[in-house]
Structures are given as structure tokens and as C-alpha cells.
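User: I'd like to go through this model with you. Can we start with the ligand?

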Amino acid sequence: MDLCSQERKPLLSLAEALANISAAIQPVNESENLALKNALGRVLSAAVHAPINIPYDRNAAMDGYACASAELTGQPVTLTLAGTSWAGRPFQGALQAGQCARIFTGAVVPAGADTVIMQEQVQADGESIRFPANLKPLQNVRAAGEDVKQGQVVCAYPKKLSAVDLGLLASAGIADIPVKRQLKIAFFSTGDELAALGEPLVSGKLYDSNRYLLNGLLADPCHAVVDGGVIADDPKQLEDTLRAAAENCDVLITTGGASVGDADYVKDVLARCGQVNFWKIAIKPGKPLAFGTIGGCYFFGLPGNPAAVMTTFQQLVAPALRQLSGAPALHPLRLAATCTSALKKSPGRLEFQRGNLSQNADGELLVASAGKQGSHILSSLSEANCFIVLPSECAGISPGEQVTVEPFNV
Ligand code: AMP
Ligand code: MG
């Protein structure tokens, strides 16, 4: 049995912790207008409607000849060339009976025409254009508004804007858009043992890797991130720093000091200056995790060990930040895969083991352990491309068993 699950009070399950966080979070209300090119990854704060039809005109899907379908009776027909409709330079006027127009892809289909015949299908002889028998009427014409009609929703609210969304909004002529304001997030490492990069390392110290990890995990256009540095294992310094930071931030994140050691002050300090919603979760790695509020600021006290930081960030903090930013929830893709390694596990906690997911020639998903699973070990996490998600009651996996995997890309 997993000794960490043997607590007097039953630990919160991941689902309970997520529900607690979700119930506590009020998405930000304020928005700002941004130039479209600066809005990638931001959350739209209102639905955007199309001010025009997209496409604006009825236009050709092929290079060829535009004509009226009434001319195409099933028999071969020769029509007279009346002019050309170029992309950007439409044919002026309307086609008369017996006429056709040269047309290029994207060009406006002239009045009087409703069909475009591919150039490869006709024989051009000066002004005489011969159309063969049995051509399909109404082909190769894109209707105005076929993509989005004027007045229709181009981008629905809420939405985190992708590159494709920016292209779509640009096609509607929208130059700036309202988005939710950025979240102000500060993060800190705690611990007397932490050395800064550039300092020579002495025995008893280790380099502070968590702030580099967190800075990367927090990289998102919705976030304005401040690296708050290192806080010593000193309750007064911790309290003063958190109180001051909470005045200016939406979210504070610390790593370390969240456990039950004599130098672990995070939970007590949180209780003194704010509210502790919960403190321990039945997951591995990542059992000590404090969530609460300090005034109007949300607080996440993550564990100290880097692999636990990554796991708890992905599983708990990332969905919370999405909700706070106003973006719709993302449910991580979970897939069934055949495990090719033996995995050690004791019953008691939901476990996120590092794996490498691949697909064999038959398309079957296979996953192998990515190596050492200690919460202090980053090298195997760096090699991994997924979590192998093992339910609380699981007592280990033998090669060939089915497991659930959650791919990640960080
Ligand atoms: P703690 O919860 O403070 O006892 O930290 C648990 C473990 O994580 C300790 O062994 C720490 O050395 C390690 N740790 C804490 N903070 C960091 C950090 N910023 N970077 C790397 N390791 C850390
Ligand atoms: Mg510590």
C-alpha cells in the first residue's frame, strides 16, 4: 500500500480537487481591443459577426470559361468570347445569349453566367469557344457568402484564437477585436537550498530549476508573467512576499515548502493571509498541493520536486488558468494503449507515470515507460511524450496490459 495515502483524513481525489478549483474561479471580466495580428492565443470576449459576405462575390473555382447553364443543352455548343474576368478586375457588363467570358480562379462570375467550364475541356479558336457535349451546369462557381454569410457569427464566444481564426477574421475585414485582458501571474521558488544559475554550486545546494520549468509552462499569450525569484524558508519573508504580490496579481504560484517538513511553511502562511481550500491530493507525483485565495488572488502552492511541479501544473493549474482567462475548457485527450513495460505501482493514489507513446505498423498504440519515475527526476520526463495514467487501485502493470495515456507536448 502507498504509505502517502494512509492519512487520517482521506485525501482529495483529482476530480474533487478540480471541482473545488473550478467552483472557486471567476473568469476575468475586463477586456481590451487588440489589433488582429496581436491577438493570437488570446480569448475573444464577445462573438464576432461578419460585416460582409465571405466570399464577397460569386466567383470562379477554376481557370476556364464562364457561361450561362442555359447554353449547355447537352449538345456541343460554340459561344463567342465577350471578354475576360480577371482576379481583381471583373468583366464589366453582362453576358448576352451566345456569349462566354474567359475567367480565372477567384474572379467575379459575370452577370448572365452561372457556370465555369475548365479551360482543359474547351477548344478556343480566336473568339470562338467550343464547348463539348454533356457538361454539368452550375459547376465551379463559389457562391457569395458560401464560407460565412453577412451577419453570421465568424468566431463564437468564448474562443481562444488560433492562427486559422486570425485568417478567418481577416477574411471578414476585421482589423481589431475585443479580447479578455491578460492574467497577471507571479511565480516564486521557495527554499534555502536553491542556487541561482551562474553561481558556483556548493554541497547542500541545488540549482533552482522550477522557475525555468514554470516560466516555460506559463508561456501563453493570455498570461503576463512575473518571475518573483526565490523566497527563503522563512515564514515572515514568505508571508510578506505573498501578501504584497497578491495585491497586484490574479494568480500566485509557489514551488516547494508545501509539505509537512519543519521548513514547509506555505500552507500555514496561506491560512494566515488568506484561505486554504485544500492542501493534499491523492495523486502521484504531487500530493502536497495547496490551493486557496489571498484576497482576490488565487494561490497555488505546488510541490518542490520538478517532476511533481510539471504534473500538478498540467493537471490542476493549467485548467484553472484557462477557466480564469475565460477560455472554454480543454479536456485532455486520453487514449488506450498497450503497455510494453512492466510498471511498478502501489494502490492508493492516482499516478501519472512518464511514458513514450508510439504507433506500430498496424496502427496499434504502444506505450513504454520513459524510465525512472522519481519526482526529483527530470531527465525521464524530458524524454517522455505522455503520461501513463494509472488509477488509484492499480497495483502494477505487466507487459501487454492496456493502460490509459495522456499525450503531452511541452
Ligand atoms: P520541499 O517541498 O520544499 O521540501 O521540496 C521538495 C524537494 O524539491 C526538495 O528536495 C527540494 O530540494 C526540491 N526543490 C524545491 N524547490 C526546487 C526548485 N526550485 N528547483 C529544483 N528543486 C527544488
Ligand atoms: Mg523546501
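Analyst: A polar backbone atom of Ser209 lies 3.1 Å from a nitrogen atom of ligand 1, which fits the polar contact definition: N or O atoms within 3.5 Å, and within protein one able to donate a hydrogen and the other to accept it, with residues adjacent in sequence counting only if both atoms are side-chain atoms. This is a predicted model, where local features need pLDDT of at least 70, side-chain atom pairs need pLDDT 80 or more, and totals for chains, interfaces and linings use all residues. Residues are numbered from 1 along each chain as its sequence is written, chains are lettered from A and ligands numbered from 1 in written order, and side-chain values use heavy atoms, without hydrogens and water.

User: Which side-chain atom lies 2.9 Å from an oxygen atom of ligand 1?

Analyst: A polar one of Glu193. Asn210 also places a polar side-chain atom 3.3 Å from a nitrogen atom of the ligand.

User: How much of ligand 1 does the protein cover?

Analyst: 78% of the 480 Å² of accessible area that ligand 1 has on its own (Shrake-Rupley method, 1.4 Å probe; for residues, only the protein chains shown count as cover).

User: Switching to domains. Where are the bounds?

Analyst: Domain 1 is 14-29 + 181-325, domain 2 is 32-54 + 152-180, domain 3 is 59-142 and domain 4 is 335-407; the bounds come from an automatic or database domain assignment.

User: What area is buried between domain 1 and domain 2?

Analyst: About 680 Å², with carbon and sulfur atoms giving 51% (accessible area, 1.4 Å probe, that two parts lose on being put together, summed over both). Arg181, Pro221 and Cys222 supply 50% of what domain 1 buries there, more than any other three residues.

User: How many salt bridges between those two?

Analyst: One, counting a side-chain nitrogen of Lys or Arg within 4 Å of a carboxyl oxygen of Asp or Glu. Lys160 forms a salt bridge with Asp220, with the closest N and O atoms 2.9 Å apart.
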